[in-house]
Amino acid sequence: MNCCAIEPSIKQSSSRVNDSVSEDVSESVTQDCTNCGGQSRPVSRKTMLLMLKPESIEHAMTGAYSFCSARDCAVVYFEEHGSHQFTVDDLRVRVGLKAKRDPIPLCYCFGFNESHIRDEISRTGNSTIPETISRLIREGLCACEARNPSGMCCLGEVNKVAKRLRAISAELVSGG
Ligand SMILES: [Zn+2]
C-alpha cells in the first residue's frame with residue numbers, strides 16, 4: 001500500500017531542523033558493506049525474514065541490518081555494528097543486483113526479469129516494461145518490502161537496465 005510512494009522513503013525533513021546539517025545527511029547514515037566497503041541501505045527485519053532460508057531465520061532475529069547492492073559482493077545483508085552476514089546462498093530468492101546469468105530478476109512484485117526487457121528491445125527496439133511497472137506502482141499494487149530482497153522499489157533499477165539495454169541495442173544497430 002505504501003511501499004513505492006514515489007520517493008525512496010527515509011525523509012526526515014521535520015525531525016532534524018539543524019542549519020549545520022547538510023542536505024544529504026540521510027545518505028551518510030548508511031554504513032559501508034562490511035565485506036566489500038560498498039554502499040548499502042538499511043533493510044527491515046521483515047524483508048530479511050521473508051528472503052532468508054528457514055535455517056537462517058534464527059540468526060536474523062536480533063541486530064540491525066543493511067543490504068549491500070554491489071554486484072560483485074556475495075554478501076546480501078550485513079549487521080550494522082556487528083559481524084554477522086548473510087550471503088546470496090542464505091536467501092531463497094535470486095538477488096538480481098548480484099546475478100550475472102539469466103534469470104536476472106528485476107521486478108519482484110510482477111515477475112519481470114532482465115530477459116523480458118532484452119527480448120522486447122530486440123523485437124521492437126524499445127521496452128514498455130518500465131511504464132507498465134510504474135503504472136502498477138501508481139495504482140498501489142506493488143509489494144516491494146515483501147518481494148524485493150532490498151526491500152526497496154525496483155523502478156530505479158528497472159529504468160537503469162532498460163536504458164543500458166536500449167543503448168546496447170542502438171549501438172548494435174548502428175554498428176551493423
Ligand atoms: Zn558488499
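At what angle do the axes of helix α4 and helix α7 cross? In this predicted model, the angle is roughly 35°, and the two axes come within 10 Å. Helix α4 spans residues 114-124, and helix α7 spans residues 155-175. The crossing is right-handed. On the α4 side, the contact is made by Glu114, Ile117, Arg118, Ile121 and Ser122. On the α7 side, Val161, Ala162, Leu165, Arg166 and Ser169 meet them. By class, the contact has five nonpolar, two polar and three charged residues.

Now take the chain as a whole. It has 176 residues, and 27% of them count as buried. Seven helices and six strands make up its elements. From the N terminus on, they run α-β-α-α-β-β-β-β-β-α-α-α-α. Contacts between residues at least 6 apart in sequence show how the chain folds back on itself in sequence terms: 57% of them join residues at least 24 apart.

Next, the sheet. Four strands form an open sheet in the order β1-β2-β3-β4, with antiparallel pairing. Strands β1 (40-43) and β4 (85-87) stand at the edges. Each has a single partner strand, so one side of each is left without a neighbour in the sheet. From one strand to the next, the twist averages 25°.

The pairings can be followed across the sheet. β1 and β2 run antiparallel over four bridges. Here proline 42 has serine 66 in β2 as its bridge partner. β2 and β3 pair over three bridges, again in the antiparallel sense. Phenylalanine 67 is partnered by tyrosine 77 in β3. A hairpin of six residues joins these two strands, β2 to β3. Three bridges then join β3 (residues 75-79) to β4, also antiparallel. Tyrosine 77 appears here too, with phenylalanine 86 in β4 as its bridge partner.

Which residues of strand β2 are buried on each side? Tyr65 and Phe67 are buried on one side, and Ser66 and Cys68 on the other. Both faces of this strand, residues 65-68, are therefore covered. In a regular strand the side chains alternate between the two faces of the sheet.

Serine 56 offers a view from a helix. This residue lies in α3, residues 54-57. Is serine 56 exposed or partly exposed? It is partly exposed, because 18 other C-beta atoms lie within 10 Å; a buried residue would need 20 or more. Leaving out residues up to four places away in sequence, serine 56 touches Phe86 and Asp90. Serine 56 and aspartate 90 are 34 residues apart in sequence, yet their C-alpha atoms are 6.8 Å apart.

The nonpolar cores come next. The largest has 17 residues. Which of them touch the most other members? They are Cys107, Ile133, Cys154 and Val158. β5 (105-107), α5 (129-138) and α7 each supply at least two residues of this core. Helix α7 gives the most, with four residues. Valine 158 shows what such a position is in contact with. Beyond its neighbours within four places in sequence, valine 158 contacts Leu106, Cys107, Ile129, Pro130 and Ile133. Apart from this core lies another, of 16 residues, including Cys33, Met48, Leu52 and Tyr77. Tyr77 has already appeared in the sheet, with phenylalanine 86 as a bridge partner.

Two backbone details remain. Most residues other than glycine have a negative phi, and most peptide bonds are trans. What kind of peptide bond joins aspartate 102 and proline 103? The bond is cis, with omega at about -5°. Proline 103 is found in the loop between β4 and β5. Histidine 81 has a positive phi, near 55°. This histidine lies in the loop between β3 and β4. Histidine 81 is exposed, because 8 other C-beta atoms lie within 10 Å, and a residue with 12 or fewer counts as exposed.

How values were computed:
Residues numbered from 1 in each chain as written. Predicted model: local features only at pLDDT ≥ 70, side-chain atom pairs only at ≥ 80, totals over all residues. Pairing = 2+ DSSP bridges. Axes fitted to C-alpha atoms, helices over the stretch in contact; angles between N-to-C directions. Contact = placed C-beta atoms within 7 Å. Left-handed = near helix turned anticlockwise from the far one by under 90°. Nonpolar A, V, L, I, M, F, W, Y, C, P; charged D, E, K, R; others polar. Core = buried A, V, L, I, M, F, W, Y, C linked by C-beta atoms within 7 Å.
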